[in-house]
Amino acid sequence: MDSQTLVDDLSPKKTTVLKISNGPVAVSRKRPSEGNYEKEKEHCIALFDQWSEADQVEFVERLISRMCHYQHGHINSYLKPMLQRDFITALPAQGLDHIAENILSFLDARSLCSAELV
């Protein structure tokens with residue numbers, strides 16, 4: 001089975017375009033669940049884990065481009081905490097707590113309070 005056939009077989013959505021007075025509207029129809037979701041998901045993840053980082057990023061970009069606005073919001077909420085970094089708490093673990101103190105000493109009281117809220 002070639003990879004395109006596998007992708008076609010696993011494709012969870014088909015899109016139908018309807019003509020309405022205001023213009024075309026895409027309507028998404030999910031294929032009926034056949035009880036194979038978990039097995040298919042694990043197979044996809046196993047393949048994903050074998051790819052290079054660049055291939056993984058390209059694949060995820062293609063997945064995201066196929067999602068609707070609601071799904072984008074959900075992905076954004078999921079990723080937001082992962083992308084936040086608190087460099088001040090990370091510095092002491094690396095033996096660099098004096099650098100954090102030095103950086104923060106340049107802030108006035110108001111800026112220090114604002115930084116604490118971030």
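Of the 118 residues in the protein chain, buried ones make up 5%. Keep in mind as you explore that this is a predicted model. The accessible surface of the chain comes to about 10600 Å², and carbon and sulfur atoms account for 59% of that area.

Let's take the fold next. The protein chain contains seven helices and two strands. If you read along the sequence, these elements come in the pattern α-β-β-α-α-α-α-α-α. As for how parts of the chain meet, take the contacts between residues at least 6 apart in sequence: 15% of them join residues at least 24 apart.

Now zoom in on helix α2, which spans residues 37-50. The structure holds one salt bridge, and K41 forms it with E38. The closest N and O atoms of K41 and E38 are 3.4 Å apart. Both residues lie in helix α2, three residues apart, which is about one turn of the helix. How accessible are the two partners? K41 has 28% relative accessibility and therefore counts as partly exposed. E38 is partly exposed too, because its relative accessibility is 46%.

From here, let's move to the aromatic residues. A search of the whole structure finds three aromatic pairs. One of them joins F48 and F59, whose rings are 6.1 Å centre to centre with 55° between the planes, a tilted arrangement. This pair links distant parts of the chain, with F48 in helix α2 and F59 in helix α3, eleven residues apart. F48 counts as partly exposed because its relative accessibility is 23%, a value that is not under the 20% required for a buried residue. F59 has a relative accessible area of 33%, so F59 is partly exposed.

F59 also takes part in a pair with W51. Here the rings are edge-to-face, with 5.0 Å centre to centre and 70° between the planes. The angle explains the label, because planes over 60 degrees apart count as edge-to-face. Where does W51 sit? W51 is found in the loop between α2 (37-50) and α3 (53-65). With 32% relative accessibility, W51 counts as partly exposed. Taken together, F48, W51 and F59 form one aromatic cluster, so you can select these three residues in your viewer and look at them as a group.

Two members of that cluster lead us out to the surface. W51 and F59, along with V60, L63 and I64, form a nonpolar patch there. Together, the five residues W51, F59, V60, L63 and I64 have about 370 Å² of accessible area. Why can W51 belong to such a patch? Its relative accessibility is 32%, and patches are made of residues with over 30% relative accessible area. F59, at 33%, meets that cut-off as well.

Finally, a word on the cysteines. How many disulfides does a search of the whole structure find? The search finds zero. C44 counts as partly exposed because its relative accessibility is 31%. C113 is partly exposed as well, with a relative accessible area of 46%.

How values were computed
Residues numbered from 1 in each chain as written. Predicted model: local features only at pLDDT ≥ 70, side-chain atom pairs only at ≥ 80, totals over all residues. Heavy atoms only, no water. Patch = residues over 30% accessible without salt bridge, like charges linked within 9 Å, V, L, I, M, F, W, Y side chains within 5 Å. Areas by Shrake-Rupley, 256 points an atom, 1.4 Å probe, with all protein chains shown as cover. Salt bridge = Lys/Arg side-chain N within 4 Å of Asp/Glu carboxyl O. Helix = DSSP H or I, 4+ residues; strand = E, 2+ residues; numbered from the N terminus. Buried < 20%, exposed > 50% of the residue type's maximum accessible area, 1.4 Å probe, protein only. Phe/Tyr/Trp six-rings, centres within 6.5 Å; stacked < 30°, edge-to-face > 60°. Disulfide = S-S within 2.5 Å. Contact = heavy atoms within 4.5 Å.
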